[in-house]
Amino acid sequence: MARILVADDAAPVRVLLVRHLQAAGHEVVDVGDGPAAFEAGLNREIDLAVLDQIMPGMLGTEVIAAWQKQGIEFPVFLLTAIDDVDTVVHSFEMGAADYVRKPVNMAELTARINGRLRFK
Amino acid sequence: MDELLPVITLLMATATLIAGLTLVAVKLAHRIILVGRGVRSAIYIAALGEMIATKLLPSHMPRQWARDRLFHQAIIDYRRLLSGDDGEFVDELIKRSKVLPSLRRRIQPPWLNAIRLRAIGSYVALASQQEIPYLRSLLTDRNEFVRFHAAHGLGRLGDVASVPLILDLCVRVRAWEVAKLADSLPLFGREAVYPICRWIDLAWQSPNSTEQAVAEAARTLGLIGDLDAEMTLLELLESDRREWRIAAASALGRIGSDSSRFALLRALRDESWEVRARSVRALAYLADGSVAPIVSGLLSDSQWWVRQNAAETLGELPGGVVELTKALESEDHFAADAARNQLAELRLLPAGVSPRLSVETQ
C-alpha cells in the first residue's frame with residue numbers, strides 16, 4: 001500500500017481517482033490547487049503524486065520544481081488536456097515520471113501508477 | 001418646521017434601516033443559493049463518480065436531474081475526462097438520465113434565448129451520433145448563436161456530410177457570421193478536405209457564392225494542412241478574385257509542397273500588394289533557405305507591409321539573416337530600413353549600425 005497525492009481542480013478527476021486508487025488498496029490525499037499540493041508533498045510522506053498541469057495557484061510543473069528545490073523527490077504523473085509536444089517534453093525535463101493526456105482511461109492510469117509503484 | 005424635524009429624522013432612519021435589512025436579506029439569499037448550488041453540484045459529482053467507478057447503472061434517475069444545469073455540467077465534466085470503457089459508460093448514463101430529450105425541449109423557440117443557448121451548449125457537449133439529424137436541423141435556426149453551436153457540435157461529431165450545409169449557410173449570412181461558422185470547419189479534420197474542395201469547385205461556377213465564404217473555406221483548408229487540398233488552392237491563387245488569392249496564399253504556406261512553393265514565388269509578382277504580402281509571409285512556413293534571395297527582392301516593394309513581411313520572413317528563413325545584412329548596404333533606403341528594423345528586432349544588428357531608420361521615420 002502506498003500513499004498517493006492527487007491534485008486537480010476538477011472535482012470529477014479527484015472523485016474517480018480517489019475511488020480507483022482506494023479500491024487498489026492505496027491511501028489517497030486529494031487537494032484542489034497547486035499550493036495545497038505543494039504543502040501536502042512537503043508535509044506528508046508521499047510515495048507518488050498525480051498532478052494536473054493547469055491548477056489554480058501553481059502549475060503542476062511549478063509544484064515539481066518547488067519540491068525539487070526542497071530536496072523532495074517521488075514519482076510524479078502529470079495529467080493534462082494540453083496535447084502539445086513541447087509541453088510533454090518540458091514536463092519530462094522538469095522531472096515528471098509520466099505524462100497522461102485527458103481524456104483518461106482510468107483503468108489504464110491506475111495500472112500505470114501500480115506499475116510505477118512496484119519498481120519504486 | 002422644528003416640529004417636523006424629528007418626524008423627518010425618524011422617517012429617514014426607518015428608510016435607511018429598511019434598505020440595510022433588504023440588502024442583508026438579498027446577500028443572505030444569494031449566499032444560500034450559492035451554497036445550495038455547491039451542494040447540488042457536489043452531490044451530482046459524487047453520485048456520478050460512484051456509478052462510473054462501480055459500473056452500476058441505476059434502474060432510474062430522478063427526473064429533475066435531467067432538467068438541472070448543474071447535473072448537465074457534472075456529466076459533461078465526466079464525459080470530457082474519460083475515455084475507453086469509462087467513456088462508454090458515461091454515454092450510457094447520458095441515455096439513462098434522459099438529459100438529451102430534456103435539453104432538446106429547451107432548445108425550442110418558445111424558451112428565452114438565454115435558456116436556449118445554455119441548453120444547446122450542453123446538448124452539443126453531450127451529443128452522440130444519434131443527435132446528428134437534430135443538430136443539422138438547427139443549422140437553419142432563427143438564432144445565429146444556436147446555428148454556431150450546431151455547426152460546432154457537428155464538427156465535434158465529425159459529421160462530414162454537414163460540411164457543404166455549413167458552407168452553403170455561409171453564403172446566406174452576414175460577414176461576421178461567416179467567420180464564426182467557419183471556425184467550426186477545422187473540427188471536421190482531414191475528412192472535410194474533399195467536401196470543402198468540391199464545394200469550392202461548385203461555388204466557383206455559382207453566381208451566388210460570396211467571396212468571403214470561399215475565402216473562409218480556403219483558410220480552413222490551410223488550417224487542416226492536407227496535401228489533397230493543394231490543387232484547389234493553386235487554382236484559387238490564380239483566380240481573378242483578390243480575397244480568394246489572399247486566402248489561398250496563406251493556406252498554401254501551410255501545405256508546404258514544392259508546387260505550393262513555386263506558386264507562392266509566382267504570387268510575389270501579384271498586382272495586389274495584399275497577395276504579395278501574404279505570399280511572402282507564407283514562404284516562412286516552408287523554411288526553405290533557397291528562396292531567401294528572392295524574398296530579399298521584396299524588401300524594395302512599393303508597399304510598406306510587403307517590405308515588412310519580407311523582412312520578417314527573412315528573419316525566420318535559414319540564411320535569411322545574411323540577406324538582411326546585405327540589404328543594409330542597399331541604395332534603396334526603404335529596403336535598408338526594413339532590414340535594419342528586422343535585424344534590430346532580432347538583436348542581430350551589426351556593431352556600428354544605427355538602429356535609426358533613414359526614411360520611414362521622416
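# Exercises on a Predicted Two-Chain Model

The structure holds 29 salt bridges over all chains. The model is predicted, and the exercises below treat selected features of it in turn.

## Exercise 1. A salt bridge between separate elements

Determine which parts of chain B are tied together by the salt bridge of R116(B) with D141(B).

Solution.

Step 1. Consider the contact. The closest N and O atoms of R116(B) and D141(B) are 2.6 Å apart. A salt bridge requires a side-chain nitrogen of Lys or Arg within 4 Å of a carboxyl oxygen of Asp or Glu, and the pair R116(B) and D141(B) forms one.

Step 2. Locate the partners. R116(B) belongs to helix α6 of chain B, whereas D141(B) belongs to the loop between α7 (132-138) and α8, so the pair ties together parts that are 25 residues apart in sequence.

Step 3. Classify the exposure of each partner. The relative accessible area of R116(B) is 0%, and the residue is buried. D141(B), at 11% relative accessibility, also counts as buried.

## Exercise 2. Salt bridges within a helix

For the pairs R261(B) with D258(B) and R340(B) with D337(B), state where the residues lie and whether they are buried or exposed.

Solution.

Step 1. Take the first pair. The side chains of R261(B) and D258(B) meet at 3.2 Å, N to O, in a salt bridge. Both residues lie in helix α15 (residues 258-267) of chain B, three residues apart, which is about one turn of the helix.

Step 2. Apply the cut-offs: buried means under 20% relative accessible area, and exposed means over 50%, with partly exposed in between. R261(B) has 18% and is buried, while D258(B) has 47% and counts as partly exposed.

Step 3. Take the second pair. R340(B) and D337(B) form a salt bridge at 2.8 Å, N to O. These residues are separated by about one helical turn because they are three residues apart in helix α20 (residues 333-345) of chain B.

Step 4. Apply the cut-offs again. R340(B), with 12%, is buried, and D337(B), at 1%, counts as buried.

Step 5. Turn to a network. Salt bridges that share partners join E144(B), R147(B), R174(B) and E177(B) into one network.

## Exercise 3. The absence of disulfides

Explain why C170(B) and C197(B) do not form a bond through their sulfurs.

Solution.

Step 1. Recall the chemistry. A disulfide is a covalent bond between the sulfur atoms of two cysteines.

Step 2. State the cut-off. A pair of cysteine sulfur atoms counts as a disulfide if the two lie within 2.5 Å.

Step 3. Compare the distance. The cysteine sulfur closest to that of C170(B) is in C197(B), 15 Å away, which is too far for a bond. Taken from the other side, the closest cysteine sulfur to that of C197(B) is in C170(B), again at 15 Å.

Step 4. Conclude. The count is zero disulfides over all chains.

Step 5. Add the surroundings of the two cysteines. C170(B) is buried at 1% relative accessibility, and C197(B) is buried at 7%.

## Exercise 4. The largest pocket

Identify which element gives the largest share of the lining of the largest pocket.

Solution.

Step 1. Note the volume. The largest pocket holds about 290 Å³ of space.

Step 2. List part of the lining. Among the lining residues are R79(B), R80(B), H149(B), H152(B) and L187(B). The elements of chain B that give two or more residues to this lining are α3 (69-81), α6 (113-126) and α8 (144-157).

Step 3. Select the element. The largest share, four residues, comes from α8(B).

## Exercise 5. Surface and backbone

Describe a nonpolar surface patch, and locate residues with positive phi and a cis peptide bond.

Solution.

Step 1. Examine the patch. L4(B), V7(B), I8(B), L11(B) and M12(B) form it, with about 490 Å² of accessible area together. L11(B) lies in helix α1 (residues 4-54) of chain B and is exposed, with a relative accessible area of 58%.

Step 2. Examine phi. K55(B), a residue other than glycine, has a positive phi near 55 degrees. K55(B) is in the loop between α1 and α2 (63-67) of chain B and is partly exposed at 37%. Phi of R347(B) is near 60 degrees; R347(B) lies in the segment after α20 of chain B and is exposed at 76%.

Step 3. Examine chain A. K102(A) and P103(A) are joined by a cis peptide bond, with omega about 0 degrees. P103(A) is in the loop between β5 (98-101) and α5 (106-118) of chain A.

Definitions and conventions: Residues are numbered from 1 along each chain as its sequence is written. Chains are lettered from A and ligands numbered from 1 in the order in which they are written. This is a predicted model: local features need pLDDT of at least 70, side-chain atom pairs count only at pLDDT 80 or more; totals for chains, interfaces and linings use all residues. Side-chain values use heavy atoms; hydrogens and water are left out. Buried means under 20% relative accessible area, exposed over 50%, partly exposed in between (1.4 Å probe, protein chains only). Patches are made of residues with over 30% relative accessible area and no salt bridge: like charges are joined within 9 Å, nonpolar side chains (Val, Leu, Ile, Met, Phe, Trp, Tyr) within 5 Å. Accessible areas come from the Shrake-Rupley method with a 1.4 Å probe; for residues, only the protein chains shown count as cover. On a 1 Å grid over the protein atoms alone, a cavity is a set of points where a 1.4 Å probe fits but cannot get out, and a pocket is an open set with protein on both sides within 12 Å along at least five of seven lines; lining residues have an atom within 4 Å of a point. Grid points are joined across faces, edges and corners, and a volume is the space filled by probe spheres set on the points.
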